[in-house]
Every structure is written in structure tokens, then in C-alpha cells.
Amino acid sequence: MRRLLIRPGAIGDLIVSLPALEALSGGETEVWVAGQNVPLIRFAAVRSIGSTGLDLLEIEGPSRCARLVERLAAFDLIVSWYGAARPEFRRLVSELGLPFHFLAALPAGAELHAVDFYLEQVRPLALREVPAVPRLPCPASRGNFAVIHPFSGSRRKNWPLERFRQVARRLEEFCPVLWCAGPEEELPEARRFDDLYELACWLAGARLYVGNDSGITHLAAAAGAPVVAVFGPTDPSIWAPRGGRVRLVTAGEPGRPVECVPVEAVLEAALALLAPAPG
């Protein structure tokens with residue numbers, strides 16, 4: 001049975017969906033994701049959504065996208081978070097007789113953690129059981145450095161940079177502190193990676209990672225790094241990164257400004273993760 005899984009979205013959206021995608025995979029499975037996320041799919045054939053022409057199907061119509069329609073028709077099942085909220089797209093693929101099964105792209109109103117929400121969505125179609133913890137296979141040995149990524153996809157979620165610098169100055173008493181940032185994020189001393197899997201493997205080697213509620217923080221946790229995640233307005237019961245060595249530092253009730261998180265609380269969590277394991 002040939003399956004196509006289409007998961008648009010940013011880095012964090014993909015990471016929390018990884019267990020669901022893996023549960024759906026088996027036999028001949030192909031995954032289409034946002035271009036930057038392509039390197040993170042390690043369990044199936046993968047393509048970027050942009051390279052497939054799927055974004056043009058509604059605009060140019062089936063006759064001008066005949067090769068794409070033929071390609072989609074070759075699958076026995078298409079599980080798609082893409083187009084789920086667009087009635088016109090859903091109607092079009094239904095009229096074409098394409099085997100789409102749509103799923104809600106965001107856990108709006110859900111009381112489950114996002115990872116559990118997506119796993120519950122796919123349970124009737126799943127081919128195997130997988131743990132409800134996103135994992136990226138990164139062959140890295142632990143190094144003697146900490147990493148700080150002080151950005152996110154929203155200014156509202158960004159703890160002040162100067163507070164990260166205060167944390168860094170304290171951590172430098174224990175190990176070197178390195179910074180990372182994305183292509184558009186302004187931080188001259190930061191390391192930058194074009195390939196997200198290479199970034200994940202670098203983060204996997206860190207003694208500690210500290211960051212905001214961001215896709216890179218989810219990436220670090222999935223890679224197995226010890227993670228301190230600073231949360232402000234977002235509900236961590238839904239969006240916190242998962243992992244055996246993840247510590248959350250929150251502003252209290254969801255919705256409170258991230259500026260309410262004190263430096264001392266982040267330092268306490270970070271130093272606890274740096275401490276040698278008992279025995």
C-alpha cells in the first residue's frame with residue numbers, strides 16, 4: 001500500500017507531529033513537508049511541498065497540473081494536514097477522486113499535549129505503535145559546551161536577550177557557552193546551520209541547551225540534548241517539548257508575559273541539568 005503524508009508547518013509543528021508521522025509510515029511511504037524541514041524526515045522518502053507543485057493545484061487547475069494529479073492518484077492513501085482548513089481545496093481533490101484523508105493541522109481547543117493530539121488523530125490509520133516522544137536519530141557524543149538560542153517565531157515568546165546573557169555568564173563558569181540563530185535572526189556571534197539535521201546533531205552533543213518556546217527548542221529536545229525551555233504566553237501543557245531531560249521554566253499561568261520569568265529560575269534549572277548524574 002502506497003501512502004503519502006503531507007505535513008506543512010514550521011519546525012516545531014513538524015517535531016510534535018513526528019511520532020504520528022512515524023506511526024503512519026510503513027511499506028512505500030512518502031512524506032511532503034516544508035522545505036526547511038526536509039532533512040528532519042529520516043524514516044521515509046521525502047520531498048518539499050514547494051517542489052511538488054501542490055501549491056499551484058487550486059491556482060492553475062487540474063488540467064495544467066496533470067502530472068501532479070497523476071502522481072497523487074498513484075497513492076492508495078493520502079493523509080494530509082495540508083488544505084484541511086480550505087474547503088475549496090478539499091472539494092477539488094474530492095471531485096478529482098484523489099484518496100485524501102484530511103486532519104486538523106492545529107490542536108485548537110484540545111486538552112491533550114500536541115504530540116498526543118496528533119497521535120490520536122492518526123490512530124485509526126496507524127501501522128505501528130511509537131512512543132509519544134519525538135526523536136531524531138543523531139549520532140553525536142556529548143561535548144563540553146552549552147548552547148543558547150534566544151529567539152522564536154514570535155516576539156511575545158522571546159525572553160529578553162540580556163537575561164540570556166546573564167545566564168550565559170554564569171554557565172561559563174562550568175563550560176563554554178555557544179550561541180545559535182537562524183538566517184534572519186540578528187546575533188553576530190551565533191552559529192548558523194543551513195541544514196536542520198546538522199543543527200540537531202550539533203545540539204545533541206551539547207551538555208545543555210537553553211531557549212524559548214521555539215521550533216529549535218523542540219529540535220534540541222528531540223535530538224536528546226538536556227533542555228531548559230523558557231515559556232511565557234503559550235500553554236506548556238500543550239506545546240512544551242518532550243524528553244527525558246527537559247525542564248520547563250514558566251511565567252506562571254499561561255498568557256503571562258515571558259518577561260515575568262526570573263533569571264534565577266532559569267539558572268536553577270540549567271545548573272540542575274549540568275550537575276553530574278547520581279552514581
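This passage walks through a sheet and a helix pair in a predicted model. Residues are numbered from 1 along each chain as its sequence is written, and side-chain values rest on heavy atoms, with hydrogens and water left out. Because the model is predicted, local features need pLDDT of at least 70 and side-chain atom pairs count only at pLDDT 80 or more, while totals for chains, interfaces and linings use all residues.

Start with the sheet. Five strands (DSSP runs of E, at least two residues, numbered from the N terminus) line up in the order S3-S2-S1-S4-S5, forming an open sheet with parallel pairing; strands pair if DSSP finds at least two bridges between them. Strand S3 (45–48) and strand S5 (100–102) sit at the edges with a single partner strand each, so one side of each has no neighbour in the sheet. From one strand to the next, the twist averages 20°. S5 pairs with S4 (residues 77–80) in the parallel sense over three bridges, and Val 79 has His 101 in S5 as its bridge partner.

Now the helices (DSSP runs of H or I, at least four residues). The axes of H1 (residues 11–24) and H6 (residues 114–122), lines fitted to C-alpha atoms over the stretch in contact, with angles from 0 to 180 degrees between N-to-C directions, come within 7 Å and cross at roughly 20°. That makes the two helices roughly parallel, a label for angles under 35 degrees. The contact (heavy atoms within 4.5 Å) involves Val 16, Ser 17, Pro 19, Ala 20, Ala 23 and Leu 24 of H1, meeting Ala 114, Val 115, Tyr 118, Leu 119 and Val 122 of H6.

Terms used: Angles under 35 degrees count as roughly parallel, over 145 as roughly antiparallel, 65 to 115 as roughly perpendicular and the rest as oblique.
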